[in-house]
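This report describes the fold, the core and a few individual residues of one protein chain. The sequence and the structure are shown first.

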Amino acid sequence: GLSLVADQGAGTLNLADWTGTFDNFGGSALNAISPDGAGASLSLVAGGSTGGPYPGNGSYIEFTISMSGMQDLVLSFATRGTSTGFNSGTWSYSTGGGFTALSDNTATTSTSFAVKTVDFSAYDDMDNVSSVVIRYTLDGASGTTGNNRIDNIQFNASVVPAPGALALLGLAGVAARRRRRAN
């Protein structure tokens, strides 16, 4: 299968299970991390014959990332579509078993790029896990050239506090208060 590695940071994008076609159309600088700018975007195309079926419908791409030492994942990306592109784009994740689906629909048939955000922070079972698979499933395309572009994908998370770190801060605060009273 076809996979791509991250330009910045670490992670892999796997296109092996995408049953439509894909291309690299013009991208956007929206959501880009400096020094990256507007280059090409990944365009997920419905494919198929005129009048259907469109093999990209119900198909997905997958990202594999590490959440080791991390928590509260938030994903963001720039996207746009065509009028016959996918109108349903849903996200799910797996930490080794089945996939847990989120209710967010981030697909668009707008021809202007916009930034979409998917907040995974409520899903604590992915925190501090060494391998998390994030799946993006698209559906609802109505034309052979119908497509949705994704660009400048970011996976951002916060560092998991070291065990006992908060307790140590609390004890330091108590010690500081005691010293003030003694003076």
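The text below goes from the whole chain to its strands, its core, its salt bridge and then some single residues.

**Overall make-up**

The model is predicted. Its chain contains 11 strands and one helix. Read from the N terminus, the order of elements is β-β-β-β-β-β-β-β-β-β-β-α, which places the helix after the strands. The chain has 183 residues, and 36% of them count as buried. The exposed area is about 9,500 Å², of which carbon and sulfur atoms supply 52%. Among contacts between residues at least 6 apart in sequence, 76% join residues at least 24 apart.

**Strand pairing**

An open sheet is built from five strands in the order β3-β4-β11-β6-β9, paired antiparallel. Its edges are β3 (21–23) and β9 (114–119); each has a single partner strand, so one side of each is left without a neighbour in the sheet. On average, neighbouring strands of this sheet are turned by 30° against each other, direction ignored.

At one edge, β3 runs antiparallel to β4 (residues 42–45), with three bridges between them. T21 has V45 of β4 as its bridge partner. The loop between β3 and β4 contains N31.

Strands β7 (residues 88–94) and β8 (residues 100–105) also pair in the antiparallel sense, over three bridges. Here T90 has N105 of β8 as its bridge partner. The two strands form a hairpin with five residues between them, and G96 in this hairpin has a positive phi near 135°.

**The nonpolar core**

In soluble globular proteins, nonpolar side chains tend to be buried together. The largest nonpolar core of this chain holds 29 residues, and the members that touch the most others are I61, W91, F120, V132, I134 and Y136. Strands β4, β5, β6 (70–81), β7 and β10 each supply at least two residues of the core. The largest share, four residues, comes from β10.

V132 shows what surrounds one of these core members. Not counting residues up to four places away in sequence, V132 touches F63, T64, I65, M67, Y93, S94, T95 and M126.

**The salt bridge**

How many salt bridges does the chain have? The count is one. R135 and E62 form this salt bridge, and their closest N and O atoms are 2.6 Å apart. R135 lies in strand β10 (residues 132–139) and E62 in strand β5 (residues 59–65), so the pair ties together parts that are 73 residues apart in sequence. Are the two residues buried or exposed? Both R135 and E62 are buried.

**Residues far apart in sequence**

Two further pairs bring together residues from separate parts of the chain. Their C-alpha distances are listed here.

| Pair | Separation in sequence | C-alpha to C-alpha distance |
|---|---|---|
| D119 and L73 | 46 residues | 6.6 Å |
| N14 and I61 | 47 residues | 6.0 Å |

D119 lies in strand β9, one of the edge strands of the five-stranded sheet. With a relative accessibility of 42%, D119 is partly exposed. Apart from its neighbours within four places in sequence, D119 is in contact with L73, V74, L102 and D104.

N14 belongs to strand β2 (residues 12–14). N14 is also partly exposed, with 27% relative accessibility. Its partner in the table, I61, is one of the core residues that touch the most other members.

**Positive phi in loops**

Two residues other than glycine take positive phi values. For N31 the value is near 70°, and for N128 it is near 65°. Which of the two loops holds N128? The residue sits between β9 and β10. N31 and N128 fall into separate burial classes. N31 has 17% relative accessibility and therefore counts as buried, given the limit of under 20%. N128 has a relative accessible area of 47% and is partly exposed.

Methods. Residues numbered from 1 in each chain as written. Predicted model: local features only at pLDDT ≥ 70, side-chain atom pairs only at ≥ 80, totals over all residues. Heavy atoms only, no water. Buried < 20%, exposed > 50% of the residue type's maximum accessible area, 1.4 Å probe, protein only. Contact = heavy atoms within 4.5 Å. Areas by Shrake-Rupley, 256 points an atom, 1.4 Å probe, with all protein chains shown as cover. Pairing = 2+ DSSP bridges. Salt bridge = Lys/Arg side-chain N within 4 Å of Asp/Glu carboxyl O. Axes fitted to C-alpha atoms, helices over the stretch in contact; angles between N-to-C directions. Core = buried A, V, L, I, M, F, W, Y, C linked by side-chain atoms within 4.5 Å.
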